[in-house]
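Please open the model in your viewer and keep the selection panel at hand. The stops below are meant to be followed in order, each with something to select and something to look for.

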Amino acid sequence: MKRKTLNVKCENARSACGAILLIAGILCLSDSPVFAQTTLSPPQDIRVFDTPSDGGGSLTVLWSPAPDDSASIRYQVLLSEGTAVPDPAAMKVVAEFPANQRYVRESKWPWWTRPATGDHHQFTLRNGRGVELKNETTYSVTVARVSGEDRVIATPVQATPQPNWLNWNQMNNLLLALLFGGIVFYAISTARKREIFLRRIPGLDAVDEAIGRATELGKPILYLTGAHDMSDPSTIAAAVILGRVAKRTAAYGTDLLVPHRDPITMAVCQEITKQAYLEAGKPDLYKDDSNFFITSDQFSYTAAVDGIMLRKKPAANFFMGHYFAEALLLTETGASTGAIQIAGTDADHQLPFFVTTCDYTLIGEELYAASAYLSREPVQVGTLRGQDIGKALILGVLGVGTILATLGVLLDMQWPQLFLDIFKDVK
Amino acid sequence: MFHVARGLNMTFAERMLKIDRRIIFLVIGLCTLLPLLYPVGLPIKISPEVRGVYDHIESLPEGSVFLLSLDFDPASKPELHPQSISLLRHAFRKNLRVIAMTLWVSGTGMADQVITQVAREMGKESGKDYVFLGWSPGGTAVIINMGQDLYGAFPADYNGKPTKGLPVLHGVANLRDVNYAVSLGAGNPGVEAWYVFGKDKYKFELGGGCTGVMAPGLYPLLRSGQINGLIGGLRGAAEYEILIGQKGKAVAGMDAQSATHLAIIVLVIMCNLFYFSSRNRARQQGQLGA
Amino acid sequence: MIFLRRQVPLLITLITGVVFAAQYYVPHPASEQMLTSATKWLQIIGGFALVLGVSSLFHVHAVKIRRKEAGWGYSFVLYVSMLGTIAVGFWSNGKEAVDGASTAFGWIYNFMMVPLQGTMFAILAFFIASAAYRSFRARSREAAVLLIAAVIVMMGRVPLGEYLIPLSGDLSQWILNVLNASVRRAILIGVSLGTVALSIKIIFGMERSYLGGGKE
Amino acid sequence: MPIETIIGGWVATGLTLFIFTFLYKDNPLFKLAENLYVGVSVGYTIVKTYDTVIVHLIWKPIVENGEWSLLIPVAIGMLMLTRYVPKAAWISRYAFAFIVGVGSGLAIPRTISSFILKQIEDTVRPLVKLVPGEGVTFTWSLLNPASSLNTIIILVGVSSVLFYFFFSVEHTGPGKVVARTGILFLMIAFGAAFGYTVMARMSLLIGRLTDLIEFSDPSYGRPSLWLLGLTILTLVVMSRRSSSKQPKEKE
């Protein structure tokens, strides 16, 4: 739809070009004094059209560069409402700039929407700031060349600004969104059909080790699920990993302490723990109060958990899920009691503290990966796989793109841009 | 993890490693307090990140529209309050039209205070030279809504005056008409949100200021030009105070920063010395035992 | 009933999600108008969401006081301070200051909320120092790298560090600008892929934990 | 100095000190201040939300400009509150479905453009530069982030860290080297963040101490000094009492 109107306009512009030449000739002939004084030629091949891919109220003017364009010569863009232009010289000057400026190559068009080669002059008129451009109203636009006192004006060209229904410049964005969406769906459906390989997360070995040590020492294990509620992926991951930890503590007969700051998360975790003890064949060891609610206030909760750490001296502390400023208060106290500490969080601001104060840390996405690895749920595993493919694609683009960009400089060629433009954010 | 030596066998290094943390608390408290009472005034170098913001404001012609979003709460006051004071002083000195606002509800009172205070000091008038829009809920939705229609997002300013028709907002319909925006962010919504939901579509130039916690995470945006400058933490604030030639609380705090940072570095080095000496001892004992 | 309870919400998510994702690619004023209205609505709904968050707190402490649970006195303090603030706030018309003069609401803000919140986080200054002393050990190559980078940045960010070792300033600039930026960029890309994947799953109904509770 | 400012100084000093007592140990003074903090900040949020949402975003536009369409978001907001009626709680899902739907829809294209495309665009750079007059050059400067050397370092960092977060590929052979490079880069970034955060946290402490120093001024009646003594005394008394009550528990 959009393309069509564009083409129509281009044709209009082209037929107009012939007229410009003709009129320019006539102008020169009729105005013999000007002709005698200067060789200043009017702007050639003027094309005016509705700026594509925008919300309206804008027109774009294009014209060919002249061989003698320089800073001493200036271009003026002239505008008037309506189709009839009795006197082009009386049109309103809406812009004026040196003739060696405003090229298509300076604008941000990607190659698939670029209306002319890079060496053409380009100016975009916009509604506002002294220019009024109404949608669905026809305007006459032309360009004048000025050198000192001399001014030659090309024949005005008509165009109508209008709002567009699609921003073609952002098609790469849409394409990538669809492509990535497709990849995720494909990966999830594959995961439903067959097992997808996930590498073993080293942190999970550390979990087993820590529980073993707690058993040896006869001390309890402390497990925290983070600050968010059950609707957050980090809390879900923490709950899944709790299932695994509970299974181990059940098998070894180690005490498990899970203080909570959200009642719903607590209820869910109770179910998970119970299930784990059942699966481990030790339902008699399960205690309902191993999951308990403290408070939802950040610092009261922290103070209470710190107290538990100091009094009960757990042999292992697990910090899974999302944490805020309380992270350091918790892990620092935990470290002071000599416990093995294992953390897993997607809170990137707190990661440095977990990494320094804990013996093992699942960094960012590793938390989700660990949970997918344990749960084997197709949607989780498939999403992880889909993201891996997405990352692989991006890695490929980075590699190929850098090589092409370097080649482009080395061999002074333009074609690598065809590839690079696809991965640019252009609007 | 190394609990080989216990009780009587504890060496000096091990005992030092297990020192009561309240002693460290005391050291840090003193390192902060003393330089505040007896400042030294060490010179502060200007970094290119901070200069980016300063230079851009310097380049703006008089009457340009400058939007300052104070997206922080009292918890980040020591870092971002001095930044906002310096930025406002600079903007007012350049006679820019200032639009101030906040996306953090608990920062509203502080934001109002700082802008009223600086405006009074610079002899600026509310409604004519500046406007404080206050707070509105919705976070990122507020940014998009301002980008579409500023008067829809904030029908009235903080004092309840209708925003439509205020002289300071003349010719400003939405974020597209803003020349420069700076978000002083302590978290989310903050600088990132202003890029993703603001500049990405509405094309104003954007600068950032943030707490030290946020700063390292904003460097990719700085590198890619998504923000044209970054004032990071108290150090950034101190640099800005020096750039505009009005030293304030940030510069005053830098001596204390120097002292505490050095104290922590010394602590880290000591920790590792003790750690290695006790580990070596443990190893030797292990070898003797075997 | 299942249709109303389960399918309709999923349908709403699907439609709004697709429409507002597509809106980005449509510059037409009609589409922009839709975005304007929707974001204004979100602002208003955001207000109600705050009420929701606050009221759960209300509830938890009310239960504590009623049952006289351990530490219910603190819950009582919380209630009194909250109701007091609300009363004073309405009395001051929700303004901290009128023409630069502080109101009673502004007094509570300045002399209670600001110091309380500020100090709450200032405690961390002590803990970060103690963590640096007690756990910042070069136990492995990775830990050693982290430690060195941290020390360099700490040196380079303060005037005294730059004064003692002039190189530290440039070095910390380089670490932040190049090494740190590249890692943050990779994390950003990874997290963004995750965000997009999650959003797509939500829109197409594969992720529905936001509807609350896995059980019907 | 106005009397309310002096009282304010005393209150602020007292609350600041109460919270700092947490450094000694968790105690009733800290708990009191903490609950006060939660109460005040919640109350503050309620007042602000009412003033902004009900008055300025709903009431005034409807009454003064007749924007009746705003009743739609009000209705959606009301739906959220059905959460408290167990039988009708499912209706609140409509509201959440709307918010989450719009949020997800808005996020997808914007995240791709700001955090994926923009970041790729800035990472993919030519490794050599064409300098007019000198021809193709490779720049070695470490201090210029845009130099060729740094371009390579950034490329290596981004790629290796991205690879580290691959979960469906085993990290063996050359992959192991890449993943290890990735983890080293990660550790450097964490170190930098730790270093920077030290500054952030110290700033907060500086801010609080600056206030305490200000309040130790005679014009306020030196609340900092008086209250510091009082707080310490209270702590001593309390720890005496608790230790005489529970002689066994000494932590």
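Begin by selecting chain C together with chain D, bearing in mind throughout that this is a predicted model. At this interface, 108 residues of chain C are in contact with 112 residues of chain D. The two chains bury about 10,400 Å² between them, and 80% of that area lies on carbon and sulfur atoms. To see where the chain C side of this area comes from, highlight F48(C), Y74(C) and R185(C), which supply 7% of what chain C buries against chain D, more than any other three residues.

Next, keep chain C on display and replace chain D with chain A. Here the contact involves 40 residues from chain C and 50 residues from chain A. The area buried between chain C and chain A is about 3,600 Å², with carbon and sulfur atoms giving 71% of it. The residues to pick out on the chain C side are Y25(C), L193(C) and M206(C), since together these three supply 18% of the area that chain C buries against chain A, more than any other three residues.

Now zoom in on a single residue, E32(C), which you will find in helix 2 of chain C, a helix that spans residues 29-66. Is E32(C) buried or exposed? E32(C) counts as buried because its relative accessible area is 16%, and the cut-off for a buried residue is under 20%. Show what surrounds E32(C), leaving aside its neighbours within four places in sequence: from chain B there are contacts with Q148(B), R176(B) and K201(B), and from chain C itself with Q23(C), V26(C) and P27(C).

Those contacts lead on to chain B, which you can now select by itself. Coloured by secondary structure, chain B shows eleven helices and six strands. Turn the chain along its principal axes, and its C-alpha atoms will be seen to fill a box of roughly 85 × 40 × 30 Å. The radius of gyration of chain B is 24 Å, whereas a compact globule of 290 residues would have one near 19 Å.

Stay with chain B and switch to a surface view. Buried residues make up 66% of its 290 residues, while the accessible surface comes to about 10,300 Å², 57% of which belongs to carbon and sulfur atoms. If you then colour by charge, the mean positions of the 28 positive and 22 negative charges of chain B are 8 Å apart. As a last step, display the contacts within chain B: among those between residues at least 6 apart in sequence, 75% join residues at least 24 apart.

Technical notes. Residues numbered from 1 in each chain as written. Chains lettered and ligands numbered in written order. Predicted model: local features only at pLDDT ≥ 70, side-chain atom pairs only at ≥ 80, totals over all residues. Heavy atoms only, no water. Helix = DSSP H or I, 4+ residues; strand = E, 2+ residues; numbered from the N terminus. Rg over C-alpha atoms; globule rule 2.2 N^0.38 Å. Buried < 20%, exposed > 50% of the residue type's maximum accessible area, 1.4 Å probe, protein only. Contact = heavy atoms within 4.5 Å. Areas by Shrake-Rupley, 256 points an atom, 1.4 Å probe, with all protein chains shown as cover. Lys, Arg positive; Asp, Glu negative; His and termini not counted. Charge placed at Lys NZ, Arg CZ, Asp CG, Glu CD. Buried area = accessible area lost by both parts, 1.4 Å probe.
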